[in-house]
Protein chains: 4
Amino acid sequence: MSTHTDEHAHSHGYISDKTKYLNRMKRIEGQARGISKMVDDEKYCIDILTQISALKSALEAVAVGLLDDHLKHCVLDAAQAGGAEAEEKIKEASDAIARLVRS
Amino acid sequence: MSTHTDEHAHSHGYISDKTKYLNRMKRIEGQARGISKMVDDEKYCIDILTQISALKSALEAVAVGLLDDHLKHCVLDAAQAGGAEAEEKIKEASDAIARLVRS
Amino acid sequence: MSTHTDEHAHSHGYISDKTKYLNRMKRIEGQARGISKMVDDEKYCIDILTQISALKSALEAVAVGLLDDHLKHCVLDAAQAGGAEAEEKIKEASDAIARLVRS
Amino acid sequence: MSTHTDEHAHSHGYISDKTKYLNRMKRIEGQARGISKMVDDEKYCIDILTQISALKSALEAVAVGLLDDHLKHCVLDAAQAGGAEAEEKIKEASDAIARLVRS
């Protein structure tokens with residue numbers, strides 16, 4: 001989870017460190033391509049499964065980081081503005097957490 | 001996820017509807033006892049696994065509900081008070097989400 | 001995961017070490033009761049979530065152990081007997097794995 | 001999970017339907033690229049999270065399918081050959097299941 005907050009990113013987006021997420025997603029794309037190649041090359045099933053578990057963990061790390069940024073920026077801003085929007089943002093975040101935990 | 005908010009519960013706690021959580025946890029305790037009994041009775045392994053998956057889902061539902069209440073009460077209050085506490089509460093919530101997603 | 005196989009356990013069940021599972025399930029029942037009490041005592045939400053993640057991990061460990069035993073005993077026996085039953089046992093195991101991974 | 005078993009696929013690999021897996025993995029690669037683009041375009045965080053949950057589910061479906069094929073082919077063959085290799089294959093499969101469930 002990022003503890004670093006890039007104020008510039010915040011000014012035009014909710015993400016504390018866009019480059020970090022882009023790099024992570026590039027790595028995840030590479031992992032997905034690697035798994036496709038392992039299937040195409042008929043690599044040993046268990047080795048493919050190991051790579052799938054690694055990719056799943058990498059994805060979860062991105063999701064948890066995005067949620068953290070979302071809470072820190074969108075939800076915090078809405079909470080400070082107050083009113084119905086704060087509750088709505090929290091409901092949205094809770095629903096996203098539920099989908100992530102149950103998927 | 002609870003959409004109902006019991007203001008009285010909020011006054012003495014973070015939980016919107018304590019009775020609801022106690023009832024769910026009682027059911028979860030019953031499910032755990034049921035699984036113990038299935039093991040003791042040497043029930044068919046696959047049937048035990050089905051009950052374990054059901055218990056896991058029930059637990060996740062409680063966790064997601066508690067997180068929702070936590071965001072709605074603690075985090076929202078801290079956000080409205082502002083300052084370092086708001087950030088700390090969000091960090092805490094994000095860490096809890098990470099543990100839940102990865103466990 | 002158990003690497004130890006108790007042949008006696010096999011003779012009257014599919015589980016390599018019934019006592020081990022009963023002890024783990026007793027611990028899980030205790031964890032569930034502990035979480036109920038935390039809710040009743042209105043403990044801090046984040047601390048309850050930490051205990052729920054621990055309980056979820058403990059449950060998953062039991063499930064993975066049971067699956068291992070199931071593969072070692074039921075599935076292996078059926079495979080050695082051959083025929084349609086072997087395929088059916090594997091389908092059953094795969095469905096249980098799917099439920100567990102997705103729950 | 002595949003219920004269809006392509007005997008030809010078995011002759012040159014462990015996977016019942018290689019084309020099916022390649023297609024699924026292509027789709028997963030596309031989903032990963034789509035998520036990168038959403039991050040680059042600074043799409044709304046919650047929408048990115050929804051896509052991540054969908055990708056995670058798609059990955060899990062591939063993993064569960066591969067495990068099913070692995071049990072049906074490698075493990076079944078080893079079980080019928082008997083001896084130490086059968087146990088080793090099952091241990092390997094159980095470890096892969098554990099990594100998947102806990103990741």
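Here is a chat between a biologist and a modeller about a predicted model and how its helices, copies and cavities are described.

Biologist: Let's start inside chain B. Why are H3(B) and H4(B) called roughly antiparallel?

Modeller: The axes of helix H3 (residues 45-81) and helix H4 (residues 84-102) of chain B cross at roughly 170 degrees and come within 9 Å. Angles over 145 degrees count as roughly antiparallel, so that is the name H3(B) and H4(B) get.

Biologist: And which residues make the contact?

Modeller: On the H3(B) side they include B:Ala63, B:Leu67, B:His70 and B:Leu71. H4(B) brings in, among others, B:Lys89, B:Ile90, B:Ala93 and B:Ile97. By class, the contact of H3(B) with H4(B) has eleven nonpolar residues, one polar and three charged.

Biologist: Now across chains. What makes H4(A) roughly parallel or antiparallel to H3(D)?

Modeller: Helix H4 (residues 84-102) of chain A packs on H3(D) at an angle of about 10 degrees, and their axes are 9 Å apart. That makes H4(A) roughly parallel to H3(D), because angles under 35 degrees count as roughly parallel. Here A:Glu92, A:Ala93, A:Ala96, A:Arg99 and A:Leu100 meet residues of H3(D), including D:Ile46, D:Leu49 and D:Lys56. Six nonpolar, two polar and three charged residues take part in the contact of H4(A) with H3(D).

Biologist: Then why are H3(C) and H3(D) called roughly perpendicular?

Modeller: Again, look at the angle. H3(C) and H3(D) pack at about 75 degrees, with axes 9 Å apart. The range for roughly perpendicular is 65 to 115 degrees, so H3(C) and H3(D) fit that label. C:Leu71, C:Leu76, C:Ala79 and C:Gln80 meet D:Leu71, D:Leu76, D:Ala79 and D:Gln80. The contact of H3(C) with H3(D) divides into six nonpolar, two polar and no charged residues.

Biologist: How do you know what relation links chain D and chain A?

Modeller: Chain D can be laid on chain A by a turn of 180 degrees and a shift of 0.0 Å along the axis, with an RMSD of 0.0 Å. That is the relation of a two-fold axis.

Biologist: What tells you that the copies meet through the same surface?

Modeller: Compare the interface residues: 100% of those in chain D are also interface residues in chain A, so the copies do meet through the same surface.

Biologist: How many cavities are there, and what lines the largest?

Modeller: The structure holds three cavities of 30 Å³ or more. The largest has about 80 Å³ of space. Its lining counts 16 residues, and A:Lys56, B:Val101, B:Ser103, D:Val101 and D:Ser103 lie nearest its centre. The elements that give two or more residues to that lining are helix H3 (45-81) of chain A and the H3 helices of chains B, C and D.

Biologist: What classes of residue are found in that lining?

Modeller: The lining of the largest cavity has eight charged, four polar and four nonpolar residues.

How values were computed. Residues numbered from 1 in each chain as written. Chains lettered and ligands numbered in written order. Predicted model: local features only at pLDDT ≥ 70, side-chain atom pairs only at ≥ 80, totals over all residues. Heavy atoms only, no water. Axes fitted to C-alpha atoms, helices over the stretch in contact; angles between N-to-C directions. Helix = DSSP H or I, 4+ residues; strand = E, 2+ residues; numbered from the N terminus. Contact = heavy atoms within 4.5 Å. Nonpolar A, V, L, I, M, F, W, Y, C, P; charged D, E, K, R; others polar. 1 Å grid on protein atoms, 1.4 Å probe; cavity = no way out; pocket = protein on both sides within 12 Å on 5 of 7 lines; lining within 4 Å. Points joined across faces, edges and corners; volume = space filled by probe spheres on them. Least-squares fit on C-alpha atoms with pLDDT ≥ 70 in both.
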